[in-house]
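Please open the model in your viewer and keep the selection tool at hand. The stops below are meant to be taken in order.

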Amino acid sequence: MTDLADCRDVETEVYQPAEDSRLLADAAIADLDSPSLALEVGTGSGYVAARIAAETGARVVGSDLNPHACAQARDRGVEAVRADLVGPFREEAFDAVVFNPPYLPTDPADERDDWMEVALSGGEDGLDVVEPFVASVGRVLAPGGAVYVLVSSLAGVDEVVELAAEEGFSAAALRDDSFPFETLTALKLVR
């Protein structure tokens, strides 16, 4: 289990770009083929959405449960709406959906009492947010679209690939980056 307090260098209400954000942005940008409309779920500061928009020319909408994140993403120039995963979006609306989910395995006794815990905590197995995302993202994905999701070895890449397969997606690892405590993988999911 991870102590969330150890993951914070600076107290903030919004998750700031780190290695995982850069890896996901780099992988999605390198793979995307002229998307017209993309969604970044859990946009945080808006870093990934802003990079995708700037480097692909796509219109990118950011969504986040955290109102402070929506405000910060808007300050970065990202159209941002407060939303829980893909709930408010219409069917087949997006050519691409990008998500850097909360994936740190955490003790269930830890309460989500602040926005950084919400941004980091993936529950006991690290998959508490990934599971409902994978189960619902297909609804908003346009035919031929792709989902880009960041997965940590702490949560389990194989487990996420299995969840995706159960929802009719095939998965391919686009990029990996290893650190002393985990390996991060940018997965591409397609139907």
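The tour goes from a helix to an aromatic pair and then to a buried aspartate.

This is a predicted model, in which local features need pLDDT of at least 70 and side-chain atom pairs count only at pLDDT 80 or more, while totals for chains, interfaces and linings use all residues. Residues are numbered from 1 along each chain as its sequence is written, and side-chain values use heavy atoms, with hydrogens and water left out.

Select helix H5, residues 130–137, and colour Val130, Phe133, Val134 and Val137, its buried residues (buried means under 20% relative accessible area with a 1.4 Å probe, protein chains only; helices, H or I of at least four residues, and strands, E of at least two, are DSSP runs numbered from the N terminus). Viewed down the axis of H5, these buried residues fall within an arc of 95 degrees, so they line one face of the helix (the arc is that of the directions from the helix axis to the C-beta atoms).

Next, add phenylalanine 99, which forms a tilted aromatic pair with phenylalanine 133, at 4.6 Å centre to centre and 50 degrees between the planes (ring centres of Phe, Tyr or the six-membered ring of Trp within 6.5 Å; stacked under 30 degrees, edge-to-face over 60, the rest tilted). Because phenylalanine 99 lies in strand E4 and phenylalanine 133 in helix H5, the pair ties together parts 34 residues apart in sequence.

Finally, select aspartate 20 in helix H1, residues 19–31, and show asparagine 100, since their side chains make a polar contact at 3.2 Å (a pair of N or O atoms within 3.5 Å; within protein, one must be able to donate a hydrogen and the other to accept it, and residues adjacent in sequence count only if both atoms are side-chain atoms).

Methods. Buried < 20%, exposed > 50% of the residue type's maximum accessible area, 1.4 Å probe, protein only.
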